[in-house]
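I opened my notebook to write down what I looked up in this structure, one entry at a time.

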Amino acid sequence: MSVVVAQEKKPLIRFDIKKCAFCKICELSCSKYHYKKFGDSISRITIIRKGPLMFKCHICTRCEKRFCITACPTKALSYKGGNIVVDPKLCNSCGDCVKACPFHGIRLHPETKLPLICDLCDGDPSCVKDCPKGALSLVWLPEVRK
């Protein structure tokens with residue numbers, strides 16, 4: 001019996017810690033793009049300071065295991081076109097997707113309680129475009145699916 005293996009490309013926003021100035025413009029750019037207002041609590045990317053020159057970027061990595069989709073009890077999450085997609089009609093805002101993501105790439109919107117998951121701004125991520133230091137870049141990685 002042979003196994004059919006399909007190789008696809010998946011998008012990833014790469015973070016260069018050496019270039020980050022912790023200005024958080026990426027967070028503001030994200031919230032402005034999606035909600036027409038500034039606010040780090042409604043951003044789909046989060047930059048955390050862990051030390052004087054130590055930052056960490058939390059964003060959906062579109063991991064191969066897709067823990068969030070598996071964890072969703074209402075099947076509100078799916079993978080389409082390289083992104084995790086939320087069906088707001090099915091989502092019950094339980095937060096199981098947030099707890100399941102080992103990369104801390106998902107959080108709930110403070111008002112709607114729907115998951116905030118990076119969707120790459122329709123293929124042209126505003127965080128990447130607006131980062132003044134070039135700390136973020138969009139790359140396409142091979143993804144092997146069986």
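I began with C72, whose relative accessibility comes to 10% in this predicted model, so I entered C72 as buried, the cut-off being under 20%. I then looked for a bonding partner and found that C72 is in no disulfide, since the nearest cysteine sulfur, that of C94, lies 6.1 Å away.

Next I turned to C23, which has 38% relative accessibility and therefore counts as partly exposed. I noted that its closest cysteine sulfur belongs to C131 at 5.9 Å, which is too far for a bond, because a disulfide needs the two sulfur atoms within 2.5 Å. By this rule my count of disulfides came to zero.

I went on to the fold, where I counted four helices and eight strands in the protein chain, and reading along the sequence I wrote down the pattern β-α-β-β-α-β-β-α-β-β-α-β. The radius of gyration is 16 Å, close to the 15 Å that the globule rule gives for 146 residues, so I recorded the chain as being as compact as a globular protein of that length. Along its principal axes the C-alpha trace spans about 55 × 35 × 30 Å.

For the packing, I noted that 38% of the 146 residues count as buried, and that, among contacts between residues at least 6 apart in sequence, 59% join residues at least 24 apart.

My last entry concerns the surface and the charges: the chain exposes about 8700 Å², of which carbon and sulfur atoms supply 57%, while the mean positions of the 26 positive and 13 negative charges are 4 Å apart.

Definitions and conventions
Residues numbered from 1 in each chain as written. Predicted model: local features only at pLDDT ≥ 70, side-chain atom pairs only at ≥ 80, totals over all residues. Heavy atoms only, no water. Helix = DSSP H or I, 4+ residues; strand = E, 2+ residues; numbered from the N terminus. Rg over C-alpha atoms; globule rule 2.2 N^0.38 Å. Buried < 20%, exposed > 50% of the residue type's maximum accessible area, 1.4 Å probe, protein only. Contact = heavy atoms within 4.5 Å. Areas by Shrake-Rupley, 256 points an atom, 1.4 Å probe, with all protein chains shown as cover. Lys, Arg positive; Asp, Glu negative; His and termini not counted. Charge placed at Lys NZ, Arg CZ, Asp CG, Glu CD.
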